[in-house]
Amino acid sequence: MGLREDQKRAALQWEEKTSTAQGGKGILAGLDIGGTNTRVVLADAEGNCLFHKSYPFGNRNPAGVNRALEAALVEAGGFEPADILSLAAGLAGLGDELPQAAVDGLFQIPGLTQNRTIVNDAIIAHRAAFGYGAGVLVIAGTGSIVFSVYPNGVHKKQDPEAGGIHLADETRTAIEVTEAAAKGDQEAQKVCDAAVGRIVQTVRALAPPGIKGVALVGSVATKSPYLSPKLREDLGAEFEVFEPNFPPEYTALLLAGEVVHRQAVEEGLSKNIPK
């Protein structure tokens, strides 16, 4: 499925807005910080992508995320933190189970003094799938949530897995369990089957009336050789299931551009108000 019309409009609006921000100087940064990896994308103020890479640092390792951003700046062409005009990040667990220390430690980088916006990763992932429209997002990777946005803008969120897909002894990660299920491990298959049932039940409960779009995000939901096909089949009996073609970190980049534009407008207005 290609970009939806509202996503295209948002991208075009962002390109137009950021091209006028701060005279086109500085760079923008978008991050998707999950439970296991952090994806970083950098762009200039005109919206031209400069760099895109994934780093093995998760949401409970703020120092690692900071190192990832610093490394991305260097790898992109020798940039420094002070070159960032605006930064936005989607952070897994924000406002939920994530310790406050993990949030407070993010982006404490010398020279990084400009706009910093941090939201729950479900928000940017949902916007990547549906733009500003209604729909249901299923995230299943290191952890799992179902996040729904209604036409009136109301958000509803629920964790159908109580912390993720794990065996009773919690000796294997969600990915390891799904891999075992694909190899015929009956215990792992039972765990995955039950997880799919809970996800489908949660989607039914949170889906806005008349809305059929369900987007799948996360390694378990989209790549698991056992769980993913079963999840698509069971959801597909009632909903229109798809994967976003718009990565969440790029949506974070759009958010970074929106913040810059809004502040630039406010500064311009303040200079022209008669004294």
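In what order do the 5 strands of the open sheet that includes β1 lie, and what is the sense of their pairing? In this predicted model, the strands of that sheet follow the order β3-β2-β1-β4-β5, and the pairing among them is mixed. Its edges are formed by β3, which spans residues 49-55, and by β5, which spans residues 115-120, each of these strands pairing on one side only. Neighbouring strands of the sheet are turned against each other by 10° on average, when direction is ignored.

Within this sheet, strand β1 (residues 27-33) and strand β4 (residues 84-91) pair in the parallel sense, and the pairing extends over 7 bridges. One of the residue pairs that can be named is that of I27, whose bridge partner in β4 is I84. Strand β2, which covers residues 38-44, contains D44, a charged residue by class. The relative accessible area of D44 is 17%, and because the cut-off for a buried residue is under 20%, D44 counts as buried. In sequence D44 and L85 are 41 residues apart, whereas in space their C-alpha atoms are 9.2 Å apart.

A further residue with a notable backbone setting is F107, which has a positive phi of about 60° although it is not a glycine. F107 is placed in the loop between α3 (100-104) and β5. With a relative accessible area of 1%, F107 is buried.

A second open sheet, again described by 5 strands, has the order β8-β7-β6-β9-β10, and its pairing is likewise mixed. The edge strands here are β8 and β10 (240-242), each of which pairs on one side only. From one strand to the next, the twist of this sheet averages 20°.

In the order of this sheet, β6 stands between β7 and β9, and its links to both strands can be described in turn. Strands β6 and β7 run antiparallel and are joined by 6 bridges, with V138 finding its bridge partner in V146 of β7. The connection from β6 to β7 is a hairpin that passes through 3 residues. Towards β9, in contrast, β6 runs parallel and is joined by 4 bridges, and in this pairing the bridge partner of I139 is V217. Strand β9 in turn runs parallel to β10, to which it is joined by 3 bridges, and A215 stands opposite F242 in β10.

The surroundings of β6 (residues 135-140) leave the strand mostly covered, with 6 of its 6 residues buried. The residues of β6 point in two directions, G135, L137 and I139 one way and V136, V138 and A140 the other way, and all of them are buried.

Helix α4 is also mostly covered, since 8 of its 10 residues are buried. These buried residues are D121, A122, I124, A125, H126, A128, A129 and F130. At the N-terminal end of α4, N120 acts as a cap, a side-chain oxygen of this residue lying 2.8 Å from the backbone nitrogen of A122. Just after the helix, G131 takes a positive phi of about 60°.

The largest pocket of the model holds about 1,000 Å³ of space. It is lined by 38 residues, and those closest to its centre are G34, G35, D121, I139 and G141. Of these, D121 is one of the buried residues of α4, and I139 is one of the buried residues of β6. The elements that give two or more residues to the lining are α4 (121-130), β7 (144-149), β8 (155-158), β9 (213-217), α7 (219-223) and α9 (248-272). Among the elements, α7 gives the most to the lining, with 3 residues. By class, the lining of the largest pocket consists of 11 nonpolar, 16 polar and 11 charged residues.

Key: Residues are numbered from 1 along each chain as its sequence is written. This is a predicted model: local features need pLDDT of at least 70, side-chain atom pairs count only at pLDDT 80 or more; totals for chains, interfaces and linings use all residues. Side-chain values use heavy atoms; hydrogens and water are left out. On a 1 Å grid over the protein atoms alone, a cavity is a set of points where a 1.4 Å probe fits but cannot get out, and a pocket is an open set with protein on both sides within 12 Å along at least five of seven lines; lining residues have an atom within 4 Å of a point. Grid points are joined across faces, edges and corners, and a volume is the space filled by probe spheres set on the points. Buried means under 20% relative accessible area, exposed over 50%, partly exposed in between (1.4 Å probe, protein chains only). A polar contact is a pair of N or O atoms within 3.5 Å; within protein, one must be able to donate a hydrogen and the other to accept it, and residues adjacent in sequence count only if both atoms are side-chain atoms. Two strands pair if DSSP finds at least two bridges between them. Axes are lines fitted to C-alpha atoms, for helices over the stretch in contact, and angles run from 0 to 180 degrees between N-to-C directions.
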